[in-house]
2 protein chains.
Amino acid sequence: MTTPARDHASSPPLTEPVEDYLKAIYTLERRFGAAATSDVASALAVAPASVTGMIRRLASQGYVDHVPYRGVQLTARGRRAALRTIRRHRILESYLTAVLGYPWDRVHDEAERLEHAASDELIERMATALGHPTADPHGAPIPTADGEVDETAYRTLAELPVGETARMLRVSDKNPSLLRYLADIALQPGAEVTMVARAPFDGPITLRIGDAEPVVGPNLAAQVLVESITSSPLPVADAPSATFPVSTPRSRARKPTSR
Amino acid sequence: MTTPARDHASSPPLTEPVEDYLKAIYTLERRFGAAATSDVASALAVAPASVTGMIRRLASQGYVDHVPYRGVQLTARGRRAALRTIRRHRILESYLTAVLGYPWDRVHDEAERLEHAASDELIERMATALGHPTADPHGAPIPTADGEVDETAYRTLAELPVGETARMLRVSDKNPSLLRYLADIALQPGAEVTMVARAPFDGPITLRIGDAEPVVGPNLAAQVLVESITSSPLPVADAPSATFPVSTPRSRARKPTSR
DNA sequence: CATGTAATTTAGTCGAGCCTAAACCTTTGG
DNA sequence: CCAAAGGTTTAGGCTCGACTAAATTACATG
Ligand SMILES: [Mn+2]
Ligand SMILES: [Mn+2]
Ligand SMILES: [Mn+2]
Ligand SMILES: [Mn+2]
């Protein structure tokens, strides 16, 4: 009875670097099936050798599984921690934008630091003040307090067939100047965008957004996620958007811990 | 021209421990004329030897002057850094209380962490949203963005003569249960409080606040700062509230760097 | 004025995170 | 099928900020 009931209390609080590593691994694992050392390194702007060192520590504490030379994957415990930080990040971005008038190209850096300092209470107060939003200002889904997230994979604007109209859903929050440009042409989450024309050989893409017809490059279009408006998302059967080790070979095949 | 204009940019950003040390030193220096190693240690809950180590580093970077065995004092540079952190802390406490509904006994811990993570932009947005408050929820004065702060020394409630009425101004933010109790008896900044009776030999003190007549101990009363309402603060000449090395010997004489 | 006590500093250590350089796997292309 | 290339890990080091244990200093007091 005197033994402090440790239950499944998440042990000592995670440090800022640890939380950032777990977030990065989560994202890379989603994209490639497993996170490569060098990808983590460049995501966090540290040397690859530093990543190896941190991975050893994370593995020893049960946050990741590591197969040397083959990458890391989060354990359930690691995924829980990553989603917690991601929730905080996205609630913070939402709050800063909606309540304090931050422009959407400047919230990311702020949230990147605050996510480690804010208490659960603060995050939940902000979420409540906002009416429990489900997406951040860039359209990224906000995990619930108990670790659920919508992981649907959407199409990019670059893939939208000519003549079709879609709803803009999401864009990466990491590139401020891209975000400013998107705001300029009103290509923001919720906006309706029509594919007017696409020049061949990765040429310029003409869109219609409201009354304007901006012309953008294929790089930009490839970074914007959209959802078809003209037809419902998937008329096909129920494709369960294969989650874990099933690496979707998307231009870059990765190694999903084949023992 | 290619040399980055360093101006008086505050060098590399300060770490969280450094900011907390500077704040603690600022407060102790205000009270005793200089900060003693052991006082800093207990304020920050670290070992005295750790403080000596940090002080060496702070001195080498020009944030403090250290006379071995005699304590530290902030340099102008150190004072500026300390007041910046204090401003952030107090703006944060004000915002959390006023906008997010935090109870005043729980804002301190939150601000203690956020103060190191929030950008200047965030702090100024919060300050603007609040209409640039001059005191935090506990009545502590908020330094301006350029480092000005009201350092007036007020009387404690314990010193209020029987029969006099005063305005409650301030109380330490460090003791949550004290704060909860004060809220219970409505003894909060701005409240009018009358000294009804004081039993001899540090006995219980009877107050009147509104219609209630709470009886409190002398310890509590000594922690509450008040300002006379019946007469103006200081009918005497202009006592410039002696600032720097003039240690006000208040029950504990300290050593103000006598070389 | 000697000496005991309390405060402070020094000495030595540690872990977290980072780095560079060198060794080591895996993959791949000739 | 073998060697170069890339990616990864190991080896060795560094700074920051903490600790304990052992000097050292200041001060009070008899
Ligand atoms: Mn972000
Ligand atoms: Mn971060
Ligand atoms: Mn406080
Ligand atoms: Mn702090």
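This is a conversation about two manganese sites and a chain contact in a predicted model.

Student: Which residues coordinate the manganese ion that is ligand 3?

Tutor: The manganese ion (ligand 3) is held by H89(B) through NE2, E93(B) through OE, H108(B) through ND1 and D173(B) through OD. The distances run from 1.8 to 2.1 Å.

Student: How are those donors spaced along the chain?

Tutor: The spacing for the manganese ion (ligand 3) is H-x3-E-x14-H-x64-D. Within that set, E93(B) lies in helix α4 (residues 76-98) of chain B, whereas H108(B) lies in helix α5 (residues 107-114) of chain B. The two are 15 residues apart and link distant parts of the chain.

Student: And is E93(B) buried or exposed?

Tutor: E93(B) is buried, because its relative accessible area is 0%, and buried means under 20%.

Student: What about H108(B), buried or exposed?

Tutor: H108(B) has 9% relative accessibility, so it counts as buried.

Student: Now the other ion. What coordinates ligand 2?

Tutor: For the manganese ion (ligand 2), the donors are D20(A) (OD), E112(A) (O), E112(A) (OE), E115(A) (OE) and H116(A) (NE2), at 1.9 to 2.4 Å. Along the sequence, these donor residues follow D-x91-E-x2-E-H.

Student: Why does E112(A) count as partly exposed?

Tutor: E112(A) counts as partly exposed because its relative accessibility is 21%, and the buried class ends under 20%. H116(A), with a relative accessible area of 18%, is buried.

Student: Changing topic, how many residues does each chain bring to the contact between chain B and chain A?

Tutor: Chain B brings 19 residues and chain A brings 19 residues. The area buried between them is about 1,500 Å², and carbon and sulfur atoms give 54% of that.

Student: Which three residues of chain B supply the most of its buried area?

Tutor: They are L100(B), A117(B) and R125(B), which supply 34% of the area that chain B buries against chain A.

Student: How many salt bridges are there between chain B and chain A?

Tutor: There are two salt bridges between chain B and chain A. In one salt bridge, the side chains of R106(B) and E121(A) meet at 2.6 Å, N to O. The chains also have 15 residue pairs in polar contact, counted with both residues at pLDDT 80 or more.

Student: Which helix of chain B gives the most to the side that touches chain A?

Tutor: That is α6(B), with five residues. Helices α4, α5 and α6 (120-130) of chain B each supply at least two residues of that side.

Student: What classes of residue make up that side?

Tutor: The side of chain B that touches chain A has 12 nonpolar, two polar and five charged residues.

Conventions
Residues numbered from 1 in each chain as written. Chains lettered and ligands numbered in written order. Predicted model: local features only at pLDDT ≥ 70, side-chain atom pairs only at ≥ 80, totals over all residues. Heavy atoms only, no water. Donors = N, O, S within 2.8 Å, 3.2 Å for Na, K, Ca; no water. Helix = DSSP H or I, 4+ residues; strand = E, 2+ residues; numbered from the N terminus. Buried < 20%, exposed > 50% of the residue type's maximum accessible area, 1.4 Å probe, protein only. Contact = heavy atoms within 4.5 Å. Buried area = accessible area lost by both parts, 1.4 Å probe. Salt bridge = Lys/Arg side-chain N within 4 Å of Asp/Glu carboxyl O. Polar contact = N/O pair within 3.5 Å; in protein donor to acceptor, adjacent residues only side chain to side chain. Nonpolar A, V, L, I, M, F, W, Y, C, P; charged D, E, K, R; others polar.
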